[in-house]
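Could you walk me through this one in the viewer? I would like to know what to select at each stop and what I will find there.

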Amino acid sequence: MIEVNDIHKSFGDSKILKGITTVFDKGKTNLIIGQSGSGKTVFLKTLLGLYTPEQGSIVYDGRNYSDLSSDEKSDLRAEMGMVFQGSALFDSMTIAENVMFPLRMFTKQSKSEMQDRVDLVLKRVNLGDAHKKLPSEASGGMQKRVAIARAIVNKPKYLFCDEPNSGLDPRTATVIDNLIQEITQEYDITTIINTHDMNSVMEIGEKIVFLKDGLKEWEGSNKNIFKTDNEAVTGFVYSSDLFKRVQKMYLEEDL
Amino acid sequence: MSYLHSIGQYFLMIKAMFHKPTKWSVMRHLIFKDIDDLIINSIGIVSFIAFFVGGVVTIQTALNMTNPLIPKTLVGFATRQSVILEFAPTFISIIMAGKVGSFITSSIGTMRVTEQIDALEVMGINAINYLVFPKFVALMLYPFIISIAMFLGILGGMAACVFGGFASLDDYIAGIQLDFIPFHMLYAFVKTFVFAFLLATIPSYHGFFMTGGALEVGKASTTSFVWTSVAIILLNYILTQMMLS
Ligand SMILES: Nc1ncnc2c1ncn2[C@@H]1O[C@H](COP(=O)(O)OP(=O)(O)OP(=O)(O)O)[C@@H](O)[C@H]1O
Ligand SMILES: [Mg+2]
């Protein structure tokens, strides 16, 4: 569980996050949605400890980040996995080496133990036969799955994904979404996903935080997002025709 | 103001390079890879340039010595002095600022724009140590390259001298042994070590702290070349003033 309390973050004179308070539960897929430029990536990177907020606190299962010593911070970091917006695979390493990297850095496992773990995780993301490929030789969807594998290989307690399915076809996107949700439930981790994909919202939006201009505009779940009358949210949700029709269906159901 | 900020940031980077070291089993591989990329891969071009520029230095010297009273051994002597004192350590370093420097800036810069550096930092890795320290260690072998350049520069001079008929082989060899001052070698290698440090750190700085996208990676490489050259030329002046006069 991650408790976020009144987070502020600016770059120079521009305020990006203007006081966000919310809670992300364990074993659930938590979504952060909002338009491009609303501050989702900055928020996620702040949760990861890459950016230090000027104000506010972040508490990871009872551990307040700003109270931790630098060793404790490192330990906490080792419990986090991150899937970056552009995958961020190390392009000088093969896929298997990418996935093995966190194990090599943070564990004292033997080579064969590490290899077993890498095999298992790569199979988990349906990449059982891509060990030797370089990231540049893999498709976008494969790269995303490698990034997920790298993020979960060291059994994290917290998983952060920045638009894990952007730029993918709808089918692959759904596969990735479901994969993340299954992993979250399987390992009982706290997962936070940035997205502006309405399919993801419907599929895995167990908890949704809607950001607008660096503020939390709305929060809820995929059960009630279609029923809210918050204009910013409805404007976002029904920006596509498809969802306008879905809304009509909902309304007809209610009648 | 922003220059002062950059200079401060550069020295903080150097400090961070020695902090929180990466596991040795991982670091070892990084060092070997950088030795290959930065040192081994430069030997070819450096040898080529050294040999032919050494030849040109000899020809120029010989052509300018029209007075028959000047002994022929002076051709070899002048070639040795210019190759060892300036050409090998300084001139080659400027070329390396282009070759190795832009390689370092663009490879680290690409890692920055594709969030690979963020990925390292998320894992709690000291990315500066991980990326810059192995380059620093690899470039401690840089004097090896400069030694090759010195040797081949003098050899190229010899070839040009003999084939061009400016002086006999015996004269040239006598010339390169004339009035040898061991302190000049010390001076040359002190410079080489200083330049090696600049070659490892200035391009790394420009790659590590860049922002933007692929276009900016190209710009950062150019800027890094300019500043590395400026630093080499300035320190060359300062060290020469300090050690030789
Ligand atoms: N390192 C930075 N320095 C300065 N400004 C930044 C930085 N990172 C982000 N910003 C600014 O913060 C704002 C929010 O950016 P952010 O990347 O969080 O948007 P986002 O919601 O993730 O958008 P997208 O959906 O396009 O990824 C933008 O206006 C951006 O220009
Ligand atoms: Mg983003």
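Before the first selection, one cut-off is useful: a residue is called exposed when its relative accessible area is over 50%, and buried when that value is under 20%. Keep in mind throughout that this is a predicted model.

**Stop 1: two loops of chain A**

Select Asn126(A), in the loop between α4 (111-124) and α5 of chain A. Is Asn126(A) buried or exposed? With a relative accessibility of 56%, above the 50% cut-off, Asn126(A) counts as exposed. Check its backbone too: phi is near 60°, a positive value in a residue that is not glycine. As background, most residues other than glycine have a negative phi.

Now move to Ala88(A), which sits in the loop between β6 and α3 of chain A. Its phi is likewise positive, near 55°, and again the residue is not a glycine. Here the relative accessible area is 2%, so Ala88(A) is buried.

**Stop 2: a covered helix**

Next, highlight helix α1 of chain A, residues 40-47. How many of its 8 residues are buried? The count is 7, which leaves the helix mostly covered. Among the buried ones are Val42(A), Phe43(A) and Leu44(A), and the list also includes two lysines, Lys40(A) and Lys45(A). Just past the end of α1(A), pick Gly49(A), where phi is positive at about 85°.

**Stop 3: the far end of a long separation**

Select Lys248(A) in helix α9 (residues 241-254) of chain A. It counts as exposed, with a relative accessibility of 54%. For a distance to draw, join its C-alpha atom to that of Val23(A): the two are 32 Å apart in space and 225 residues apart along the chain.

To put chain A in context, colour residues 2-238, where an unreviewed UniProt entry places the feature "domain: ABC transporter". That span is 37% helix and 26% strand, and its end C-alpha atoms are 30 Å apart.

**Stop 4: the cavity**

Rolling a probe the size of a water molecule over the atoms shows where empty space is left. A search of the whole structure turns up 1 cavity of 30 Å³ or more, and its volume is about 170 Å³. To find it, select Met80(A), Gly81(A), Pro102(A), Arg150(A) and Met123(B), the residues of its lining that lie nearest the centre. The lining has 15 residues: 11 nonpolar, 2 polar and 2 charged. Both chains take part, with α2 (70-78), β6 (80-83), α3 (95-106) and α5 (140-152) of chain A and α4 (116-122) of chain B each giving at least two residues. Which element supplies the largest share? That is β6(A), with 3 residues.

**Stop 5: helices of chain B**

Finish in chain B by selecting helix α2 (residues 24-64) and helix α3 (residues 73-113). Their axes come within 9 Å and cross at roughly 145°, and the crossing is right-handed. Residues in this contact are 18 nonpolar, 7 polar and 2 charged.

The unreviewed UniProt entry places "transmembrane region" features in chain B, including residues 38-63 and 225-244. Select 38-63 of chain B and you will see 100% helix, with end C-alpha atoms 37 Å apart. Residues 225-244 of chain B are also 100% helix, and there the end C-alpha atoms lie 27 Å apart.

Technical notes
Residues are numbered from 1 along each chain as its sequence is written. Chains are lettered from A and ligands numbered from 1 in the order in which they are written. This is a predicted model: local features need pLDDT of at least 70, side-chain atom pairs count only at pLDDT 80 or more; totals for chains, interfaces and linings use all residues. Side-chain values use heavy atoms; hydrogens and water are left out. Axes are lines fitted to C-alpha atoms, for helices over the stretch in contact, and angles run from 0 to 180 degrees between N-to-C directions. Helices (H or I, at least four residues) and strands (E, at least two) are DSSP runs, numbered from the N terminus. A crossing is left-handed if the near helix is turned anticlockwise from the far one by less than a right angle, and right-handed if clockwise. Ala, Val, Leu, Ile, Met, Phe, Trp, Tyr, Cys and Pro count as nonpolar, Asp, Glu, Lys and Arg as charged, and the others, Gly among them, as polar. UniProt positions are given in the numbering used here, feature names are shortened, and annotations may be inferred rather than shown by experiment. On a 1 Å grid over the protein atoms alone, a cavity is a set of points where a 1.4 Å probe fits but cannot get out, and a pocket is an open set with protein on both sides within 12 Å along at least five of seven lines; lining residues have an atom within 4 Å of a point. Grid points are joined across faces, edges and corners, and a volume is the space filled by probe spheres set on the points. Buried means under 20% relative accessible area, exposed over 50%, partly exposed in between (1.4 Å probe, protein chains only).
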